[in-house]
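Have the model open in a viewer with residue selection at hand. The stops below go from the whole chain to single side chains.

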Amino acid sequence: MNRMRQEILAARLGQFGPLGEAYVGRFRFGHDFAGFAGHFPGYPLLPAVVQILVGQIVAEDLAQNETGAPLVAAAVEKAKFVREVRPGEEVLAECRRVMLKGCAGFEVRLSVNGEAASSFVLTAPQDAA
């Protein structure tokens, strides 16, 4: 497991699990979180690539719990980043299974205090659908 994944998992607040129709994970990234390094000096923001990795980690846990098989993500579709995520804020990552262009995938939404931060869809390879 790479360092960034380890640090994201260390920022997890409790276990992942169902909440309504979604599968969720909660995270809080401290000022010392490696993802903030250099992004941006004096004004740290959680990078988009880290937000995608957070969603992937929650989707992987959902896939593992549902099927026992690991998630294989081939692409990120429909990505939107609409709110800055700052150190110390609690991030809620919601994940749902979807079909997009005939491919199985996971719709992911990240929010802070009920306010949308980002959304995207992780899609599986065509032959894995």
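A contact here means heavy atoms within 4.5 Å. On that basis, residues 24 or more positions apart account for 59% of the contacts in the protein with a separation of 6 or more. The model is predicted.

**Whole chain**

Start with a cartoon of everything. Two helices and six strands are present, and along the sequence they follow the pattern α-β-β-α-β-β-β-β. The radius of gyration is 14 Å, close to the 14 Å that the globule rule gives for 129 residues, so the protein is as compact as a globular protein of that length. Aligned to the principal axes, the C-alpha atoms fill a box of roughly 45 × 30 × 25 Å. If you colour by accessibility, 45% of the 129 residues count as buried.

**Helix α1**

Select residues 3-10, which form α1, and show the side chains of R5, E7 and I8: these are buried. They cover an arc of only 165° around the axis, which puts them on the same side of α1. Turn to the other side of the helix to find R3 and A10, which are exposed. What lies over the buried residues of α1? The cover includes β2 and α2. Before leaving, look at the start of α1, where a side-chain oxygen of N2 comes to within 3.1 Å of the backbone nitrogen of M4.

**Strands β2, β4 and β5**

Next select residues 22-28 (β2) and 90-100 (β4); these strands run antiparallel and are joined by six bridges. Within this pair, F27 stands opposite V91 of β4. Now add residues 103-112, strand β5, which pairs with β4 in the antiparallel sense over ten bridges. V91 stands opposite V112 on this strand. Follow the chain from β4 into β5: the hairpin has two residues between the strands, and K101 takes a positive phi near 55°.

**Salt bridges**

Switch to side chains of charged residues. How many salt bridges does the structure hold? There are nine. The following are among them.

- Select E66 and R97, whose side chains meet in a salt bridge at 2.3 Å, N to O. E66 lies in helix α2 (residues 48-67) and R97 in strand β4, so the pair ties together parts that are 31 residues apart in sequence. E66 is partly exposed, with a relative accessible area of 44%; R97 is also partly exposed, at 39%.
- Select E115 and R83, which form a salt bridge with the closest N and O atoms 3.4 Å apart. E115 lies in strand β6 (residues 115-123) and R83 in the loop between β3 (75-81) and β4, so this pair ties together parts that are 32 residues apart in sequence. Is R83 buried or exposed? Its relative accessibility is 19%, so R83 counts as buried, the cut-off being under 20%. E115 is partly exposed, with a relative accessible area of 45%.
- Select E107 and R109, another salt bridge, with the closest N and O atoms 3.4 Å apart. E107 counts as partly exposed at 24% relative accessibility, and R109 is partly exposed at 39%.
- Finish with R26, R28 and E90, which are linked in a network of salt bridges.

Notes: Residues are numbered from 1 along each chain as its sequence is written. This is a predicted model: local features need pLDDT of at least 70, side-chain atom pairs count only at pLDDT 80 or more; totals for chains, interfaces and linings use all residues. Side-chain values use heavy atoms; hydrogens and water are left out. Two strands pair if DSSP finds at least two bridges between them. Helices (H or I, at least four residues) and strands (E, at least two) are DSSP runs, numbered from the N terminus. A salt bridge is a side-chain nitrogen of Lys or Arg within 4 Å of a carboxyl oxygen of Asp or Glu. Buried means under 20% relative accessible area, exposed over 50%, partly exposed in between (1.4 Å probe, protein chains only). The arc is that of the directions from the helix axis to the C-beta atoms. A polar contact is a pair of N or O atoms within 3.5 Å; within protein, one must be able to donate a hydrogen and the other to accept it, and residues adjacent in sequence count only if both atoms are side-chain atoms. The radius of gyration is taken over C-alpha atoms; the globule rule is 2.2 Å times the number of residues to the power 0.38.
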